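Thanks for coming. I have one structure to go through today, and I will keep to what can be read from the coordinates.

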Amino acid sequence: RNVTGVQTCALPISIGLLSKEDQARWGGNYGERLRLYQSDMPYSAGERWSFTKGKIVAAWDFNNIKDGVVNNHVVSSLEGRLVDGAEIVADPERGNVLAVHGKGGMECPQDAAFDISGAISIGAWVKLQSPTKDAPYIISKSGWGMHAVPDSKSVEFGIVIERNEEYLQGLLGEPYEYPSAIGDVDLTDERWHYIAGTYDGERVCLYIDGKLSNFIQVRGNIVLEDSVVFVGGYPKWGGGAKNLNWNGLIDDVRIYSYALSAEEIKELYEGKEPPLEKKSE
């Protein structure tokens with residue numbers, strides 16, 4: 001379905017016409033784009049292959065839970081489920097929060113709403129209960145993630161960028177790039193910190209406690225692959241991933257399909273609500 005609403009089968013036919021070599025490189029990615037078309041998500045302004053809606057996609061505050069299912073305050077169908085020993089505990093500062101003890105977390109099923117190839121923002125309140133030499137994740141999907149930095153006291157927000165053209169030209173050894181911004185704030189003080197990562201198509205930024213901690217300049221589209229969204233771990237290995245699961249507390253997890261501004265990040269840190277949709281520029 002194109003922007004005028006005309007139905008078309010050109011994309012599936014095109015996928016079938018790819019050579020075996022090209023299908024291995026691009027088939028999964030093109031299939032994901034086809035699935036986005038079929039989900040009836042409207043195309044909005046952005047790069048040629050950006051399917052973002054420019055809205056808040058998910059918000060889990062861990063206050064509304066029944067039988068291990070965590071309510072998403074934005075889209076009811078995008079609920080999370082506690083897995084492998086993760087639990088909800090009462091925190092004196094933040095109320096009900098997600099507790100991950102080095103394994104498990106909250107798993108959110110694969111859904112087209114999470115397939116954000118353009119601008120994106122991820123945020124969460126976290127408390128790391130013990131230093132780590134590994135890279136435990138706060139939240140992740142196959143194309144992006146926020147995690148602690150090994151042998152460091154801070155965190156990192158990174159994305160996976162498509163580089164198919166450079167790869168085919170022999171300029172890169174693989175068709176992907178992994179740009180990330182690493183924080184400069186010590187998170188091992190056993191206190192709550194607000195972590196947010198954004199990508200606006202030109203910069204990957206990491207904010208800690210409402211302030212820009214670091215950024216890196218990069219251009220490209222985020223890789224789309226079938227995977228769950230996982231809070232407290234990394235999806236490719238699910239809840240039992242050794243050394244990739246958080247050891248501490250997580251609260252107020254949010255995903256936006258647009259890049260929040262520095263002012264909006266500060267508002268979230270201060271407990272204020274930014275607009276549910278991206279403002280006109």
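I will take the sheet, then the salt bridges, then one helix and two loop residues.

First, the ground rules. This is a predicted model, where local features need pLDDT of at least 70, side-chain atom pairs count only at pLDDT 80 or more, and totals for chains, interfaces and linings use all residues. Residues are numbered from 1 along each chain as its sequence is written, and side-chain values use heavy atoms, with hydrogens and water left out.

Start with the sheet. Helices (H or I, at least four residues) and strands (E, at least two) are DSSP runs, numbered from the N terminus. Two strands pair if DSSP finds at least two bridges between them. On that basis there is an open sheet of nine strands, antiparallel in its pairing, in the order 2-3-4-7-18-9-10-11-14. Strand 2 (65-66) and strand 14 (180-182) are the edges, each pairing on one side only. Strand 3, residues 69-70, runs antiparallel to strand 4, residues 80-83, and two bridges connect them. Within that pair, V70 sits opposite G80 of strand 4.

Staying there for a moment, G68 lies in the loop between strand 2 and strand 3. Contact here means heavy atoms within 4.5 Å. Neighbours within four places in sequence aside, G68 is in contact with G80, R81 and L82. The C-alpha atoms of G68 and E87 are 8.3 Å apart, with their positions 19 residues apart in sequence.

Now the charges. Side chains of opposite charge can pair when their charged atoms come close. I call it a salt bridge when a side-chain nitrogen of Lys or Arg is within 4 Å of a carboxyl oxygen of Asp or Glu. The structure has seven of them.

Take K141 and D115, whose closest N and O atoms are 3.3 Å apart. This pair links distant parts of the chain, 26 residues apart: K141 is in strand 9 (residues 137-141), and D115 is in the loop between strand 7 (105-108) and strand 8 (120-128). Are these two buried or exposed? Buried means under 20% relative accessible area, exposed over 50%, and partly exposed in between, with a 1.4 Å probe and protein chains only. K141 is at 3%, so it counts as buried, and D115 is buried at 1%.

A second pair is E202 with R219, 3.0 Å from N to O. E202 counts as partly exposed because its relative accessibility is 41%, while R219, at 55%, counts as exposed.

A third is D252 with R254, at 3.1 Å from N to O. Both D252 and R254 are buried. Salt bridges with shared partners join D252, R254 and E273 into one network.

Next, helix 4, residues 262-269, where E264, I265 and L268 are buried. They span an arc of only 105 degrees around the axis, so they lie on the same side of helix 4; the arc is taken from the directions from the helix axis to the C-beta atoms. Among the elements covering the buried residues of helix 4 are strand 8, strand 15, strand 16 and strand 19 (247-256). After helix 4 comes G271, with a positive phi near 90 degrees.

Last, D209, in the loop between strand 16 and strand 17. What is the nearest side chain of opposite charge to D209? It is R191, 7.9 Å away, and D209 is buried yet has no salt bridge. For that count, Lys and Arg are positive and Asp and Glu negative, with His and the chain ends not counted. The D209 side chain does make a polar contact with the H193 side chain, at 2.8 Å. A polar contact is a pair of N or O atoms within 3.5 Å; within protein, one must be able to donate a hydrogen and the other to accept it, and residues adjacent in sequence count only if both atoms are side-chain atoms.
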